[in-house]
Amino acid sequence: MDIVTLARIQFAMTTVFHYFFVPFSIGTGLIVAIMETMYVIKKNDIYLKMTKFWANIFLLSFAVGVVTGLIQEFQFGMNWSEYSRFVGDIFGAPLAVEALLAFFLESTFIGLWLFTWNKVSPKLHVTFMWLVVFGTLMSAFWILVANSFMQHPVGYTMNNGRAEMTDFVALITSHQVWYEFSHVIFGAVIMGGTVIAGMAAIQLLRQKTMSEITSSIYKKSMRIGFVVALIGSLGILGTGDLQMKALVHDQPMKFAATEGLYEDSGDPAAWTVIAWMNTVERERVFGVEIPYMLSILSYNKPSGYVKGMNTIEAELVEEHGEGDYFPPVNTLFWTFRIMAGIGMLTLLVSSVGLFFTRKKNPKLYESRWMLWVVSLMTITPFLANTSGWLVTELGRYPWTVYGLFKIEDSISPNVSATSLLISNITYFTLFLALGGVMVYFVNRQLHKGPEYGEELEALENQAAKDPFDGGGY
């Protein structure tokens, strides 16, 4: 394989693996904060047990996310130095703010939250956790400011072949920033709710006998997870709709690829449910369509047409010169539908889950097949988030910065195919090990259960007692 392909594989691998843990830590951190807030309000110790139990899983995801993030930054400097030179003036400010303020904020307050149990008031302690949540949101925001520039460049001027910032306010107020940020955060909210509910369901399936307190913790956790996942799924469908409408104008080739349109749609435009495209002949092999739907989705009315990829290709050739501007159509078409389909599925499962866990008829807790459905949902947010980022990044092909800088021009000039192959193998091995460690410790935490800490503390207190207190002498 050539250098460009190997560098792209490494970027995809590091980005996808890192993004397994970013929404995981944001979402689970939010739920931990909600649980501790409920403890502060209701003064019910069961919420404190829930907080401490799920916090261990949140901390694991945060730790692995930091490690994978460092690897991702490292490969930028190693493989994409020309790209770094091109956008360095733009990226410098938001990434510096992310590292020096947002990441320091969340790291500092994680430490304060972790080591001040029973040392500060409950209200101050839960404030630390909410500041951690705020820090993770700010960290995501500033990173997405940088990514949004790659999707829709604003607030810059070209000088000596480099993009230089001229308007920082334009950079952070770009509509792409806010569509992308809100969509990513709602995706993290979905992941937090779905994963917590799913792991609680796994425990209810796995353990035939458990204490009443442990059972109550899993049931309450599942219900909180359903509420959070429902809010997240409603939010992500709304923000996803806004983001796709913006793509019609900002990145028409990406939009046409996600719909599998080689030719102009006609007016009104039909939405394609399933299809397969011949990327060599650049034509659709088959497709199942719903009349009027694409016009409604694109323009909020039953009229209006969408340009096809062949038309857009001709426009791009005229504007930027000869080249192949077609992204991987089948990949974009299906990953978009996987992402959107999982969003709809989450909305359905969380709504039904809330209905069947209500106090009057908590049927779900005793139904093994329902618990199996909820437990299998645990993997769906990982698939949805990965699919979303494939649409975001692959749909920009052949650009690293849309309309300004191409992938082939972004590679480091001194990197060899051999060094890239070795580093790819090294990173893959490291990611495999990190993923295995994460799964092992999460599973170990689940096996211990929410009462493990108290049982251990009781044993330690018992061992610390004076052996003569029993009256043996």
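Helices here are DSSP runs of H or I with at least four residues, numbered from the N terminus. With that in hand, let's work through some exercises on this predicted model.

**Exercise 1. Place His125 in its helix, decide whether it is buried or exposed, and list its contacts.**

Solution.
- Step 1: Start with the element; His125 belongs to helix 4, which covers residues 122-151.
- Step 2: The relative accessible area of His125 is 2%. Buried means under 20%, so His125 is buried.
- Step 3: Setting aside residues up to four places away in sequence, His125 touches Glu36, Trp113, Thr116, Trp117 and Val120.
- Step 4: For a sense of distance, take Phe109, which is 16 residues from His125 along the chain; their C-alpha atoms are separated by 9.7 Å.

**Exercise 2. Find where Asn118 lies and say what stands out about its phi.**

Solution.
- Step 1: Asn118 sits in the loop that runs between helix 3 (81-115) and helix 4 (122-151).
- Step 2: Its phi is positive, about 65°, although Asn118 is not a glycine.
- Step 3: The relative accessibility of Asn118 is 77%. The cut-off for exposed is over 50%, so Asn118 counts as exposed.

**Exercise 3. Carry out the analysis of phi, loop and accessibility for Arg282.**

Solution.
- Step 1: Arg282 is not a glycine, yet its phi is positive at about 55°.
- Step 2: Look for Arg282 in the loop between strand 3 and strand 4 (283-290).
- Step 3: A relative accessible area of 33% makes Arg282 partly exposed.

**Exercise 4. Locate the cis peptide bonds that lead into Pro268 and Pro398.**

Solution.
- Step 1: Asp267 and Pro268 are joined by a cis peptide bond whose omega is about 5°.
- Step 2: Pro268 is in the loop between helix 8 (252-258) and strand 3 (271-278).
- Step 3: From Tyr397 to Pro398 the peptide bond is cis, and omega is near 5°.
- Step 4: Pro398 has its place in the loop between helix 13 (380-394) and strand 5 (399-401).

**Exercise 5. Describe the surroundings of Pro398 and then those of its contact partner Tyr325.**

Solution.
- Step 1: Pro398 has 9% relative accessibility, so it counts as buried.
- Step 2: Beyond its neighbours within four places in sequence, Pro398 is in contact with Asp324, Tyr325, Lys406 and Ile407.
- Step 3: Move on to Tyr325, found in the loop between helix 10 (309-320) and helix 11 (329-355). With 0% relative accessibility, Tyr325 counts as buried.
- Step 4: Apart from neighbours within four places in sequence, the contacts of Tyr325 include Met253, Glu313, Leu316, Val317 and His320. Tyr397, Pro398, Trp399 and Lys406 are also among them, and Lys406 is a contact of Pro398 too.
- Step 5: Add two distances, both C-alpha to C-alpha. Pro398 and Val169 are 28 Å apart in space and 229 residues apart in sequence. Tyr325 and Leu294 are 23 Å apart in space and 31 residues apart in sequence.

**Exercise 6. Work out the environment of Ser298.**

Solution.
- Step 1: Ser298 is part of helix 9 (residues 293-299).
- Step 2: Ser298 has a relative accessible area of 7% and is buried.
- Step 3: Not counting residues up to four places away in sequence, Ser298 touches Lys245, Val248, Phe255 and Val306.
- Step 4: Between Ser298 and Ala384, 86 residues apart in sequence, the C-alpha to C-alpha distance is 22 Å.

**Exercise 7. Check helix 6 against the span expected at 1.5 Å a residue, and see how covered it is.**

Solution.
- Step 1: Helix 6 (residues 175-206) has 32 residues.
- Step 2: From its first C-alpha to its last, helix 6 reaches 46 Å, close to the 46 Å expected.
- Step 3: Of the 32 residues in helix 6, 26 are buried, so the helix is mostly covered.

**Exercise 8. Step back and decide how compact the whole chain is.**

Solution.
- Step 1: Count the elements: the chain has 15 helices and six strands.
- Step 2: The radius of gyration is 25 Å, close to the 23 Å that the globule rule gives for 473 residues, so the chain is as compact as a globular protein of that length.
- Step 3: Along the principal axes, the C-alpha atoms fill a box of roughly 100 × 50 × 40 Å.
- Step 4: Of the 473 residues, 50% count as buried.
- Step 5: Take the contacts between residues at least 6 apart in sequence; 78% of them join residues at least 24 apart.
- Step 6: The accessible surface comes to about 22400 Å², with 66% belonging to carbon and sulfur atoms.
- Step 7: Finish with charge: the mean positions of the 31 positive and 38 negative charges are 14 Å apart.

How values were computed
Residues numbered from 1 in each chain as written. Predicted model: local features only at pLDDT ≥ 70, side-chain atom pairs only at ≥ 80, totals over all residues. Heavy atoms only, no water. Helix = DSSP H or I, 4+ residues; strand = E, 2+ residues; numbered from the N terminus. Rg over C-alpha atoms; globule rule 2.2 N^0.38 Å. Buried < 20%, exposed > 50% of the residue type's maximum accessible area, 1.4 Å probe, protein only. Contact = heavy atoms within 4.5 Å. Areas by Shrake-Rupley, 256 points an atom, 1.4 Å probe, with all protein chains shown as cover. Lys, Arg positive; Asp, Glu negative; His and termini not counted. Charge placed at Lys NZ, Arg CZ, Asp CG, Glu CD. Expected span 1.5 Å × (residues − 1).
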